[in-house]
Amino acid sequence: MEQKNQLDELKTRVDKIESELASVKKELSNLLLESDDSKVKKPTLEPPSQQVSLKPIPKPEIPQKPFWLKENFELFLGGNLLGKLGLVAIILACAWFIKFAFDNHWINESSRIYIGLCIGFFVSGVSLILAKKNFRILPGAVMGSGASIVYISILSAYYYYDLLGLSETYVVIALLSIGIGILASISRLQLLYIFSFLGSILTPILLSQGENSYRFLFGYMLVVNAVFLLVSYSNAWRMSPYIVLFTNAILFDVWAAANIKVSSFFVPFLFLTTTFFFFITREVVFMVRLRKQVITSSLLFVFFTTLFYTTSGFWLVDTFYPNLTPHFFLWVASLTLVASEIFHKKGIFHLPQSSNSKILMDSILLICWVSAFFASITDFTEGKWLTMSWISFAGAVSIVGSKQASKKILLIGSLLWIPALFRLYFLESGEHYGETFLWNYRFALFVVSSLFLIYTYYIQYKKLVHPFAKGFAFIALFTIILGTLIENRYLVVDKYYRNLGYSYVLVFYIVALLLPGFIFNSKTLRVSGIVVSSILVLKLYFYDIWTMSILVRIIAGFSLGVGLVVMSIVFQKYRDKLTKIIHSILVFGIIGTSLVATEEAWAVPFKNKGFKFYKNVEINKAQLKNKGEKFGKIILDEDIMRFSGNNDRRLVYNGHLVPFFTREVITEKGESGEVSPTVIYETSTDYSKTYVLKFPSLPSDSEYTKLKVASSKNYDINVSLSLGDKPDEWKYFEDYHLYNYGGDAANNKDEIEFKNGNFLYARLQFDSKINSLSFPRATYSPKKLIKEYKVELDKTEFVESFDADIDATLYYYENSLHKPIKKLVLVFEDSWYDRNLEVYQKNSNKDEFQYLKNQRLYKTSKDKPKQVINLDYSIYGKIKVRIMNGDNEPLKLKSFDAFTPQEEIIFDIPTQYQEAKQGEFQLYYGNIYAYFPKFDFQESRLTGRDVSWIEGSLGKHAENPNFGYSIVEPPLSIWIIRAIYMLGILAFVYPSYRVFKRYSENMNTN
């Protein structure tokens, strides 16, 4: 039995040896076949003796160099970074070109969108060609650039030209972002995903209506973050998580700075907590599974995520529940323990048994737990001494880590540097008065930080504890440069010398780095000098040239962008020719920046096809004989006020536009005079004096304008004025400051100017006790009457909503025709109420509402139901009315009416007409998509001139026989834009999927 076992064992060993011999024979045969020498004889193979060890010889481990020390670092600079900078320059140049074309009226609004979409899809097509040729870096960047151009075109169609609606624009851009995100996931291109993510983030920001729709914002962001979590399931990207985290932090901070106090607690807190778990799950589960280790990037991301959650959550809790901030820190500490539990249950079994990654992740979570727990029981200290203590503590720990060559201590020191430098960069970098340049406490903090950081690196520069330790040197360099730039920012007063000073600071550090870099043959110093030089070049192109003309910007942008992209492509194929290409780019840059832009304006014949209606204008030729500078005047009738807005009126003479402006027609009726009011009540306290006055009834169409306040003594007082129809029902309130110091009456202010002079009773409360006051006269004048037309409101343009955060009812009027709204009339079903009303208008940038005025809504059962809101000036855009309910039920709106005033057109009479006294004038209108042309002719031109008015009369309202839809005019152009977009997307769906999937497979194989 024992002999049989020995035979079996020997047989097994022989079989194993024969298998290995067969493998060796196969490898040698392959080598012989590949050899060019056919005469080489095959070696004779002899079976190895039994004493030969069968254990494989382990290969020596070659330590991995950091990426900046590898040979492909130059490829990264030349073939990657420069190419991306070039694409950015091309995008900027396209934007400048669009603006240049707009300013010079080369093409109309719709054609600009056509061109933008075609360029965007063409650039995207170039990315497919690059992907087919297996360029390693550019396909994703070029595809993202093409998508960005499409994105800008669609956004411009909404934002600048009103060719697309808000909801449609949002859906279109969101679909584009989702499509690019899917393509990024298929191709595993991180840069492409970044384009998609930024597009999805910028969409709600740029389309925001300034309404604090934080529930939608945070709900939308949760969806975006959830998509990021899903994409991360199969992609171990390093840069994108930081971009996502940073964007979330910026969005929350910007929102909180403006709206946290007028919002609720639960929705933002839910967003922060859910986002925290999304990001933590990605690092402790998904990334561990994909990487089979825990890298430094994951550790830092966990720390930054916890820091973001802690700071933002503290802000939120401190605003709503300031007494619970210590409890919140305990809550954060508890969440870090939950994260550790998730790591141990879901992620740790993906790590090798011998890996130290478990200890690293546990350590970072422990640090977060200790920090949160310590913050819960510690009062925060403020001021510069806290910053210095944090810097000193972080510096001491990092120096100890370097001296002891301990990776763990060095990592802890690195984490401690984060809040210290954050406080230094953002809290201690403000302006302080009475400082001396480079000799102040702020700059001393930067110097001390830089010394600690550079000394940490100097201790270990011959033998690094860890490759990331080299970052201490770069952070030290960044800190001292930043500190010097801040000194220049606050202590150089003249803005031109300040801008020049920024360049001098960079040049100083370039020389300070390159010179010793060449003398001591230090690659680190040379690379740092090159990076600072690149910053100086970027400053030249992306800051300095903004002060130049737009044509120079276009030429410089295209030349720089195309040159850098070409350089990037050639660098990947022909790296040895890099120097010649750089020289060529410098030549192009110098030529581009040496050109001087010139602007040329030319008259464009008026195209009337887009306007539905017109009226002939008859000019009073007899008035051309009058003396003075001649200007035309046309009073607009009800037809024009009904069928047009402010933007779609065009005055035309012999087929060319005539410059004009529009103003209200104001007439005065009634009488002027003075009366003496009667004091019907008087009372005083130690600190105030109150009078109630009664005014006589006024003649028809007259109103009170001024009230004289007299005294036998000099005075300087404040007065609160209340007006009403009855002495116990005050409806109008205003505050004034009056003074009379004797002497020249022109230097005194002793009259109250009424903004509303239609009341019979006045109550005046003075802030000091003066017994010698009297009211000798009240002045009345004719009312300024404006003929008004009621606007026919479309139900689709009126929206009612409710804001629960501030207990307010909101009313929106879209005013899509851009009619001049001067008065609003609201009627409520309620019999009694006393509320505060605020009116807002949408600004020209479409991003927020601007406050206009507030007014008290007051009604008893005896008052008329109409609440009249007179605006200070005409509003041509969207209007919002907000009524504060307080603890009351919302008012029930019965009707909402808007009124537009009668207007007149003032125009510059063409010289040709004044000389020949012949030709035809027409007034075209009826195009809701039109924009008001940019005329230099303004009302200020009439000031101080001897004006002779030439009146024009309007003919009959008639339909334009030439009216018709054009492919370059709305609404047909809107459908063409939609068609181009959809056809472009559909044409790219399958080719993009196929090409980038194959591209991803080829990249993984290589």
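**Strand 20 and a surface patch**

Hi everyone, let's start with one pair of residues: Asp 803 has Ala 808 as its bridge partner in strand 20. Keep in mind that what we have on screen is a predicted model.

So where does that pair sit? Strand 19 covers residues 798-803 and runs antiparallel to strand 20, with six bridges joining the two. Between these strands the hairpin has four residues, and here Asp 807 takes a positive phi near 55°.

Now look at strand 20 itself, residues 808-813. Is this strand mostly covered or mostly open? Mostly covered: six of its six residues are buried. Follow the side chains along the strand and you'll see two sets. Ala 808, Leu 810 and Tyr 812 point one way, while Thr 809, Tyr 811 and Tyr 813 point the other way, and all of them are buried.

Strand 20 has another partner too. Which strand is it? It is strand 25, residues 879-884, again antiparallel and again joined to strand 20 by six bridges. If you want a place to find this pairing on screen, go to Tyr 813, which stands opposite Ile 879 in strand 25.

Let's finish somewhere else, on the surface. Leu 451, Ile 454, Tyr 455, Tyr 458 and Tyr 461 form a nonpolar patch there, and together they have about 520 Å² of accessible area. Take Ile 454 as our example, found in helix 15, residues 441-460. Why do we call Ile 454 partly exposed? Because its relative accessible area is 37%, and partly exposed lies between the buried cut-off of under 20% and the exposed cut-off of over 50%.

Thanks for listening!

Terms used. Residues are numbered from 1 along each chain as its sequence is written. This is a predicted model: local features need pLDDT of at least 70, side-chain atom pairs count only at pLDDT 80 or more; totals for chains, interfaces and linings use all residues. Side-chain values use heavy atoms; hydrogens and water are left out. Buried means under 20% relative accessible area, exposed over 50%, partly exposed in between (1.4 Å probe, protein chains only). Two strands pair if DSSP finds at least two bridges between them. Patches are made of residues with over 30% relative accessible area and no salt bridge: like charges are joined within 9 Å, nonpolar side chains (Val, Leu, Ile, Met, Phe, Trp, Tyr) within 5 Å. Accessible areas come from the Shrake-Rupley method with a 1.4 Å probe; for residues, only the protein chains shown count as cover. A salt bridge is a side-chain nitrogen of Lys or Arg within 4 Å of a carboxyl oxygen of Asp or Glu.
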